[in-house]
Structure formats: C-alpha cells, structure tokens
Amino acid sequence: MRKAGIILFWIIASLCVIALVTLPINLQTQLIAGIAVVTFMAVIKILRAEGTWRLIALAFGTAIVMRYVYWRTTSTLPPFNQLENFIPGFLLYLAEMYSVMMLGLSLFVVSMPLPPRPSRAASAGKYPSVDVFVPTYNEDAELLANTLAAAKAMDYPADKLTVWLLDDGGTLQKRTSPNLLEDQMAKARHQELQILCNDLDVRYLTRDRNEHAKAGNLNNGMQHSNGELIAVFDADHAPSRDFLLETVGYFEDDPKLFLVQTPHFFLNPDPVERNLRTFERMPSENEMFYGIIQRGLDKWNASFFCGSAAVLRRQALDQTSGFSGVSITEDCETAIALHARGWNSVYVDRPLIAGLQPATFASFIGQRSRWAQGMMQILRFRFPLLKRGLSIPQRLCYMSSTLFWLFPFARAIFLFAPLFYLFFDLEIFTASGGEFLGYTLAYMLVNLMMQNYLYGSFRWPWISELYEYVQTIHLLPAVVSAIVNPRKPSFKVTAKNESVLVSRLSEISRPFFLIFGVLLFAVVVTAYRVYTEPYKADVTLVVGGWNLLNLILAGCALGVVSERGEHSATRRVKVTRRCEFGLDETWYPATIDNVSVHGARVNIYAKEIGILPVDTRGLIRFKPYSGDTEEILPVAIRNSQVAGDIVAIGCRYLPEVTRDHSLVADLIFANSQQWTEFQLSRRGNPGLLRGTLWFLGLAFYQTSRGISYFFSSPGARDKARLAAKAKR
C-alpha cells in the first residue's frame with residue numbers, strides 16, 4: 001500500500017511538472033521566471049544550504065532546463081523542407097538533447113552521493129589470503145622496483161600476502177620473436193625482472209603468448225595463484241602501507257561483495273595541468289570522478305572496477321572465468337558482468353595508492369582514446385540499459401558512464417554550429433535575440449549553476465568544457481572507428497615515467513591552431529555582418545557571442561598543447577620526517593621536507609658545511625615505517641642553499657641494493673595521509689562568477705603563450721628561414 005502511494009505521488013508530481021513546463025507564457029514572463037530561478041539558486045548556494053534545500057534548488061534548475069527543451073523542440077527547429085537549414089539544425093538539436101540527457105543522468109547519480117565510508121580494518125585473526133597482481137608490459141625495472149617494494153611493505157600478515165609481477169613484456173612469444181631486436185630485449189627484460197623479483201622476494205610470472213592484453217595477463221596470474229582476494233596495481237601505482245587494512249575488512253561484512261575500489265591519486269600533473277600550471281592550486285580532472293561520481297555510483301551499488309587500486313574476490317571472478325577481455329576496458333566490463341550476477345561493490349574514498357599520469361599531450365590523448373573506444377565497445381557488446389541482472393539504477397549508472405564518451409560528437413557540433421550562420425547564412429536555430437536571452441541564456445546559466453552545485457569543489461567553472469574540447473579533435477575519429485568496427489581497437493599501454501625536456505609544441509597540436517584561426521576569422525565576419533546587415537544584428541551578435549566563447553576555449557587550448565619543458569616527470573609531495581644526513585662519516589640532524597619518486601629535499605642543521613658541490617655523495621639515515629631500526633639510503637646532492645643555520649639540499653636517490661628500493665618506497669608511498677592532505681589543499685569552490693573571471697584571465701594568457709610557442713618553435717623558424725631564402 002505504501003509503495004503504491006509513493007508511485008502515485010511521483011505520477012502526480014510528474015504531471016504537475018509537465019503541465020508547468022508546457023504552459024504557454026509570453027517572453028517577458030519567461031525572462032522573469034529565469035531570473036527568479038537563477039537568483040534563488042544563487043542565494044541557496046551563498047547560504048551553503050544542503051540536504052533538502054540543495055534538492056529544491058536542483059529541482060528548480062531542472063524545471064528551467066525542461067522548459068528550454070520544450071521550447072527548443074516545438075519552436076526553434078528549421079522547416080523540414082529547407083534541408084540545408086534542417087540537417088545542421090537537427091544535428092545541433094541532437095547535440096543539445098544529448099547534453100540534457102547527460103545532465104539528467106548526472107543528477108540521478110550524484111545529486112545526493114554517499115558520504116565517504118569510514119575505515120574498515122579486518123578483524124583480528126580474520127585476515128583473508130591476498131594475491132597482489134602488478135601487471136607490466138614495457139615499464140622499466142626502476143619504476144617496477146618501487147611499486148613492488150611498496151606492495152611488499154604493506155602492513156599485512158606476511159603468510160597471507162603474496163606479491164606477483166605479471167610480465168607481458170618477457171613472454172615466450174616475445175623471447176622467440178623473428179624480430180631480432182624484440183627477441184633480445186625480451187630476453188634481457190626476462191632475466192632482469194627475474195633477478196629483481198628474487199631480490200624483493202616477489203614472484204615473477206610470464207606466459208607463452210600475449211593474448212587478450214591486460215585481462216589475459218591477469219587471468220594467467222589467477223591460474224597460478226590461490227588467494228581468497230586479489231589486489232591489482234598498475235605498474236606505476238604504488239600502494240601505501242595501510243592499503244589492505246583499509247579495504248579487506250569490507251569483504252568480511254558482505255559475502256556477496258566482489259570489489260572494493262579506491263581512488264587513483266597521481267604524483268604528477270596531467271599535460272593540461274602541467275602546461276596551465278594549475279596542479280598545485282586546482283583539483284585534478286580525475287578528482288571529479290573519484291571524489292563525487294564514484295560515491296554517487298556507490299549509492300546505487302554501481303561503483304565499478306577502474307583497473308587498479310582495487311581488491312576483488314576470487315570466488316566472484318571464477319563465476320565469469322576471470323577478467324573480461326572482449327573490450328579494451330576490461331575493468332568496467334568485468335564489473336558489469338559481476339553486478340549482473342548479483343554481486344556487490346564498495347567504493348572507499350581515500351587515496352591509498354600514488355601513480356603517474358601521462359606527461360605528454362600525445363600520450364594523454366592516446367590514453368583517453370583507449371578509454372573512449374573501450375566504453376564504446378561495452379556500449380555495443382554489453383549495452384547496459386538492457387543487460388539482464390542489473391537493477392534499473394545500475395543500468396542508468398552504467399549508461400551514464402558509457403554514454404559520456406560520446407561527448408566528442410556534441411562538442412564538435414557546438415564548436416562549428418555558429419559558423420553555419422556566420423559563413424553561409426544558414427538559419428539552423430530559428431529564434432530572435434530576445435528569445436535567446438529568455439530561454440537559451442537562462443538555460444546556460446542554470447546549467448552552469450547546477451554543475452557548480454554538483455561538482456563545485458572538485459571541478460572549477462569551464463574546466464570540463466576545456467578538457468572536452470582538447471580531447472574532442474583527436475577522440476572523435478577514435479570513437480567513430482570503435483562504433484563502426486567495435487572489434488578493431490586494440491589495447492595500447494600508456495607510456496609511464498615520461499618527461500618533456502625542452503619546451504615545444506605537441507606533435508599533434510596543428511589542428512588546434514587551424515581551428516583557432518578559423519574561429520578568429522569568424523569574429524571578423526561577425527563584425528562585418530553587424531555593420532552590413534543591421535536589421536539582423538540581434539541574431540548575429542548572439543551567434544557571434546557563441547563563437548567568441550568557442551574562441552576563448554580554443555585559445556586556452558593553445559596553451560595546453562604548448563608543452564612546458566621539465567626535467568622531472570613527478571612533483572614533490574610535502575612531508576615532515578626526522579632523519580640524519582651523513583657527509584664524510586659525520587652525521588647531522590635533519591628533516592626530510594618533501595619527496596618524489598626520484599629524490600628528496602632535506603633541511604640540515606649544519607651551517608658549517610656551506611654550499612656543496614653537485615654530485616657529492618651523501619647518506620640519509622631514518623627509521624622506516626616497516627621497522628624499528630634506522631636504515632641508510634645513499635643519495636647524490638643536486639643543489640644546496642644556505643639559509644641561516646639551515647642548509648637545504650636537493651638530492652637524488654642512488655639505490656645500490658634491493659633494500660634501497662624498499663627505503664625509497666617507504667619515503668614516498670608508505671604514508672597515505674600526505675596524499676589526502678595534498679588533495680584537500682586544492683579543493684575550494686571559487687564560485688561561478690569568480691571562477692569565470694579566473695578562467696578568462698587564464699585563457700587570455702594561454703592564448704598568447706600558445707601563439708608565441710607557434711612562432712618560436714623549431715618548425716616555425718625553419719619555415720621562416722625557407723621563406724626568407726625564397727624572397728632572395
């Protein structure tokens with residue numbers, strides 16, 4: 001009876017909303033309603049009202065969006081008999097409806113996400129056996145040594161923990177390749193990693209053939225192990241000491257739990273953050289997904305496996321014959337299969353691993369292309385909306401995650417739509433300037449405010465639009481390819497531990513400058529048409545304003561593809577740790593101030609040592625978290641600076657024996673609290689107005705920087721010299 005009453009309430013409420021949305025009103029009333037809703041939402045946000053007030057504000061915003069959809073559908077489409085207007089106009093309409101649909105799915109997923117789950121340590125004496133899988137393909141031994149050492153040092157009963165290096169770069173197929181170079185490199189790698197694993201007391205495992213990429217590698221690991229749980233870490237994802245203690249306890253609570261997923265935290269910025277220099281002050285792009293969306297998915301039992309930083313139950317994986325390998329995103333595909341079989345998942349919102357992101361823009365695009373193509377494969381082969389066994393909320397959650405990767409289509413249409421009117425005088429959107437203000441502008445403002453409501457502290461205004469734009473140009477053909485031929489995409493390993501040694505333009509930057517030039521020319525055309533066609537000035541100014549917004553995004557993207565030179569691929573993480581520093585058999589009291597995967601900064605209380613020569617050898621003596629006695633790590637001094645009684649030294653690790661890798665891992669990865677503190681230091685909501693002004697300033701600077709890179713790049717200088725020779 002109660003359930004029937006709830007259903008009846010929602011039916012009546014929905015009918016009332018539809019009646020209000022379709023109510024015929026004049027333009028003045030629409031303007032007043034739009035202003036009223038925007039003002040109300042702004043007041044709620046300023047007052048920081050949460051709970052029911054947050055939902056009310058989102059409901060008012062949804063009403064404006066639905067009102068826009070109704071007006072857009074019934075009043076703005078070009079006549080069907082004018083195909084030159086109707087076809088591009090209908091494509092624009094579809095792009096807008098896609099955006100509205102994604103907004104609706106986002107509201108469903110994250111309007112009221114679960115709060116972060118509390119810690120859940122395993123009960124004393126109830127520690128399940130755990131196999132730790134570190135799959136690798138072409139990563140170097142030094143990077144793998146840090147990850148394996150960190151995994152081996154996790155705080156967990158030693159007899160219950162087995163760490164495996166699953167090497168797909170040293171398979172029998174590669175070691176017997178007819179390609180001599182591949183053959184020799186695979187043999188050398190096979191031998192080197194066997195020695196490394198033996199020194200670290202880690203099990204080395206390879207296989208005969210490289211079949212089914214990462215999924216096949218993991219499944220091979222399952223065939224040779226027998227732990228109750230399986231923890232998976234990418235080759236560059238090193239866990240903290242408390243990773244297992246924070247995760248395995250959840251399996252004790254729920255016998256149908258197949259997954260505990262944790263966020264991916266990165267020590268280095270992605271190329272967008274590095275080139276815009278926002279890494280230290282603005283939340284990273286992935287924090288919106290791991291900080292909000294995964295918690296929203298968790299509410300509906302739909303948080304999914306992200307390929308690393310997770311623990312899975314072997315019993316559940318046995319039901320699906322291991323990790324799914326039909327798509328190149330084996331993680332999400334595996335989660336769908338297990339959710340459909342009635343298994344549950346949990347998301348723990350605490351960074352417990354630290355990894356590396358692609359350093360170059362080209363590698364970044366390559367990684368995102370794989371994600372996009374994999375999600376298109378899942379959409380084609382698994383189609384979550386009709387997947388038997390999934391609950392309705394789970395279907396909607398998975399549709400949200402897969403459909404998101406269609407954004408290149410919508411973003412490309414929004415980019416070029418104004419040009420149809422400005423260049424070819426096509427009327428693909430039949431509305432006056434006043435109607436645009438009353439409906440479209442109100443919709444855009446409400447949309448931005450709703451995004452700020454949902455993601456404010458995790459995604460600043462216009463940053464999502466920038467990330468989508470810089471990916472669209474190269475992702476669009478990749479997505480089309482996966483839709484047309486879903487079996488074509490193959491798994492490509494993302495490059496790890498890269499660095500950009502000199503400032504330069506990305507090798508895939510040319511389309512961005514071409515598009516910027518076209519949009520800039522469209523601004524000139526806008527001014528010309530306003531002057532020559534004053535009777536259409538209102539529409540021309542509206543479309544010109546739209547093009548100007550696209551130009552601002554395109555200009556900021558020029559800074560994104562202008563790679564800043566950096567010698568280090570990683571950022572230093574702030575720590576405070578007592579130690580002693582040894583020079584020439586003398587030990588001085590010191591403090592480790594910050595660390596990275598390559599080195600550390602140490603403050604020494606010893607003004608008498610002064611400035612030290614570069615490459616002077618020194619020793620850091622400290623007590624690792626994993627032991628009670630002090631140990632020594634050799635380093636080489638890279639720079640030094642005297643400030644009163646303190647000498648600040650930048651040094652590079654010089655691991656000489658296997659134990660040194662464990663000490664490096666202890667310095668960087670053991671304490672997960674430092675990563676949480678770093679994330680929290682970047683989280684702050686600038687608000688829509690201040691965030692927009694900040695982005696405009698950023699875009700102006702990055703536009704000028706990108707143009708200067710273009711004219712100062714080696715290719716540009718070569719062209720200038722050739723042009724000068726031709727004139728002679």
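**A walk around strand S17**

Let's start with one pair of residues: Ser 640 stands opposite Ile 649 in S18. Keep in mind that this is a predicted model. Ser 640 belongs to strand S17, which covers residues 631-643, and the partner strand S18 takes in residues 646-653. The two pair in the antiparallel sense, with eight bridges between them. Another spot to look at along this pairing is Ile 637, which sits opposite Cys 651 in S18.

Now follow the chain around the turn. The hairpin that joins S17 and S18 has two residues between the strands, and Gly 644 adopts a positive phi there, near 70°.

S17 has another neighbour too. Strand S16 pairs with S17 over six bridges, again in the antiparallel sense. For a landmark here, find Leu 619: its bridge partner in S17 is Pro 634.

Zoom out a bit and these pairings turn out to be part of a barrel. Six strands close it, in the order S13-S14-S15-S18-S17-S16, with antiparallel pairing. From one strand to the next, the twist averages 45°.

What lies across S17 and S18? That's helix H21, residues 658-669. The helix also lies across strands S13 (573-583), S14 (586-595) and S16 (617-622). Relative to S17, H21 runs at about 55°.

Definitions and conventions
Residues numbered from 1 in each chain as written. Predicted model: local features only at pLDDT ≥ 70, side-chain atom pairs only at ≥ 80, totals over all residues. Heavy atoms only, no water. Pairing = 2+ DSSP bridges. Helix = DSSP H or I, 4+ residues; strand = E, 2+ residues; numbered from the N terminus. Axes fitted to C-alpha atoms, helices over the stretch in contact; angles between N-to-C directions. Contact = heavy atoms within 4.5 Å.
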